[in-house]
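Open the structure in your viewer and follow the stops below. Each one says what to select and what to look for.

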Amino acid sequence: MSAAEMIGIFIETLIVVSILMLHVSYVVYFERKVIGHMQCRMGPMRVGWHGLLQPIADAIKLFFKEDIIPSQADKPIFYVAPLIGVLAALGSVAVIPMWEGFSIANLNIGILYILALSSVGSYAVILGGWASNSKYSFLGGLRSAAQVISYEIAMGLSLVGVMLMSGSANLSDIVHAQAGHWFIFTQPVAFFVFVIAIFAETNRVPFDMPEAETELVAGYATEYSGIRFGLFFMAEYAGMFVMSAFAVTCFLGGWSGPAFLPGFVWFILKVYAFIFLYFWIRATLPRYRYDQLMGLGWKLFIPLALANVVFTALMKIL
Amino acid sequence: MPGTYIPTDYFPVLVILLIASAIGLGALVAGILVRPRRPYAQKLTPYESGNPPIGEPRSQFSVKFYIIAMLFVVFDVEAVFMYPWAVAYDKLGIFGFVEMMLFMFILLIGYIYVWKKGAFNWE
């Protein structure tokens, strides 16, 4: 690999990450608008035309807020936890294929890479909760870690069906394997389990237990303030973006679509449709109780995903 | 030459991880320059709606969390075993199917045992 190639990769990655960051901030705006209109409100309206500059105003506000570190906090871990979250969330985007032949890193173990980084993301939550040395943070962190690892098994098992169908763990190959029909039609059970698992993975309603504001204040982020809280927030929304892109790649045909629009546009449209689903569900459903959530994951989704693997393997052999 | 393999496929991964850490650190450092810093003892106590906190926050928590962590290791390793099997399934054919069914059967016994022991109930 020559120096010119290295610089090329560096610039390419920088551009993709910058665009992703812009998306992440506007996903927050999108969420507030969608939820607002679903509840017969207008959402943000004051800053700029229809509140379009709201995310920028929010970011500036977070920069100027005091960074309070509790005196009993475990300081080094407290400092580093939000960084781990951002690293895991932004790092996962490397293997997502965005159009024909383009992904930052075309790894042959794309699925494994995303699963690994999403596990690393749970460290941010549990370390943040532990280091804060506050009851709410600690409980939030523990709950979140238990929830994430439980649902990660169901998510991993549902993807085995996808790998059986496509014969590869490379995300570009998986999109190519869906040329005839998207895996949402051939693997509906896997899609169902996967969607619910990623809702739990990203700690979103109806599984937003770790941040259940009615019982745990703000969960693991209770003691965080200013830009550190902002980093946790960014990690959550970037994680949501990555998981939506992952779902689109594995089940909804990735960048493929009728030829009148370029592949990249199809990809973005599908990702935003999926993110809209997140907000729609948030506006519709109440929160799960924690024991129900864990029971659901272990007693229903893991057997369901395993049965799907057996069934798919049987169908392929026949 | 053996021993000189450089995994160039993974170079972009290194780059993106570097950029992500630069963004995180950059945000924190930029914050230092502009934000106020006026700590006092009350502000730095753990959040408890104004009451002084009672007892240690980390004193006791449910043993369930340990059980879930152990079960996670068992089942996640099982899922990882399935990935290479799934990718190579077309080449393995009927042999691969029977082997994996045996593996899953053994696992299922363990799963039923854990369920009967009540590890999945949160009371």
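## Stop 1: one phenylalanine

Select F274(A), which sits in helix α11 (residues 263-284) of chain A. Keep in mind throughout that this is a predicted model. Is F274(A) buried or exposed? F274(A) counts as buried, because it has 21 C-beta neighbours inside 10 Å; the cut-off for a buried residue is 20 or more.

Now show what surrounds F274(A). Set aside its neighbours within four places in sequence, and F274(A) is in contact with S244(A), A247(A) and V248(A). Then add L127(A) to the selection. F274(A) and L127(A) are 147 residues apart along the chain. Their C-alpha atoms are separated by 30 Å.

## Stop 2: a helix pair, α5 and α8

Stay in chain A. Select helix α5 (residues 135-166) and helix α8 (residues 188-201) of chain A. Their axes come within 8 Å and cross at roughly 150 degrees. That angle is over 145 degrees, so α5(A) is roughly antiparallel to α8(A). The crossing of α5(A) past α8(A) is left-handed.

Which residues make the contact? Pick them out helix by helix:

- From α5(A), select Q147(A), V148(A), Y151(A), E152(A), A154(A), M155(A), S158(A), L159(A), G161(A) and V162(A).
- From α8(A), select A190(A), V193(A), F194(A), A197(A), I198(A), A200(A) and E201(A).

Colour this contact by class. The contact of α5(A) with α8(A) has 12 nonpolar, three polar and two charged residues.

## Stop 3: a second helix pair, α1 and α2

Move to α1(A) and α2(A). They pack at an angle of about 115 degrees, and their axes are 9 Å apart. That makes α1(A) roughly perpendicular to α2(A). Here α1(A) passes α2(A) in a right-handed crossing.

On α1(A), select S25(A), Y26(A), V28(A) and Y29(A). On α2(A), select Q54(A), P55(A) and A59(A). Together they make the contact between these helices. By class, the contact of α1(A) with α2(A) has five nonpolar, two polar and no charged residues.

## Stop 4: two domains of chain A

Zoom out to the whole of chain A. Colour residues 1-64 as domain 1 and residues 70-317 as domain 2, following the domain assignment. The centres of domain 1 and domain 2 of chain A, taken over C-alpha atoms, are 20 Å apart.

How many residues does each domain give to the contact? Domain 1 of chain A gives 16 residues and domain 2 of chain A gives 15 residues. On the domain 1 side, α1 (3-38) and α2 (54-64) of chain A each supply at least two residues. The largest share of that side comes from α1(A), with 13 residues. The domain 1 side that touches domain 2 has 11 nonpolar, three polar and two charged residues.

## Stop 5: chain B

Hide chain A for a moment and look at chain B alone. Chain B has three helices and zero strands. From the N terminus on, its elements run α-α-α. Chain B has 123 residues, of which 17% count as buried.

## Stop 6: where the chains meet

Bring chain A back. Here 50 residues of chain B are in contact with 64 residues of chain A. On the chain B side, α1 (11-34), α2 (64-87) and α3 (89-116) each supply at least two residues. Which helix of chain B gives the most? Select α1(B), which gives 17 residues to the side that touches chain A. Finish by colouring this side of chain B by class: 37 nonpolar, five polar and eight charged residues.

Definitions and conventions. Residues are numbered from 1 along each chain as its sequence is written. Chains are lettered from A and ligands numbered from 1 in the order in which they are written. This is a predicted model: local features need pLDDT of at least 70, side-chain atom pairs count only at pLDDT 80 or more; totals for chains, interfaces and linings use all residues. Two residues are in contact if their C-beta atoms, placed from the backbone, lie within 7 Å. Helices (H or I, at least four residues) and strands (E, at least two) are DSSP runs, numbered from the N terminus. Ala, Val, Leu, Ile, Met, Phe, Trp, Tyr, Cys and Pro count as nonpolar, Asp, Glu, Lys and Arg as charged, and the others, Gly among them, as polar. Axes are lines fitted to C-alpha atoms, for helices over the stretch in contact, and angles run from 0 to 180 degrees between N-to-C directions. Angles under 35 degrees count as roughly parallel, over 145 as roughly antiparallel, 65 to 115 as roughly perpendicular and the rest as oblique. A crossing is left-handed if the near helix is turned anticlockwise from the far one by less than a right angle, and right-handed if clockwise. Domain bounds come from an automatic or database domain assignment. A residue is buried if 20 or more other C-beta atoms lie within 10 Å of its own, exposed if 12 or fewer, and partly exposed in between; C-beta atoms are placed from the backbone.
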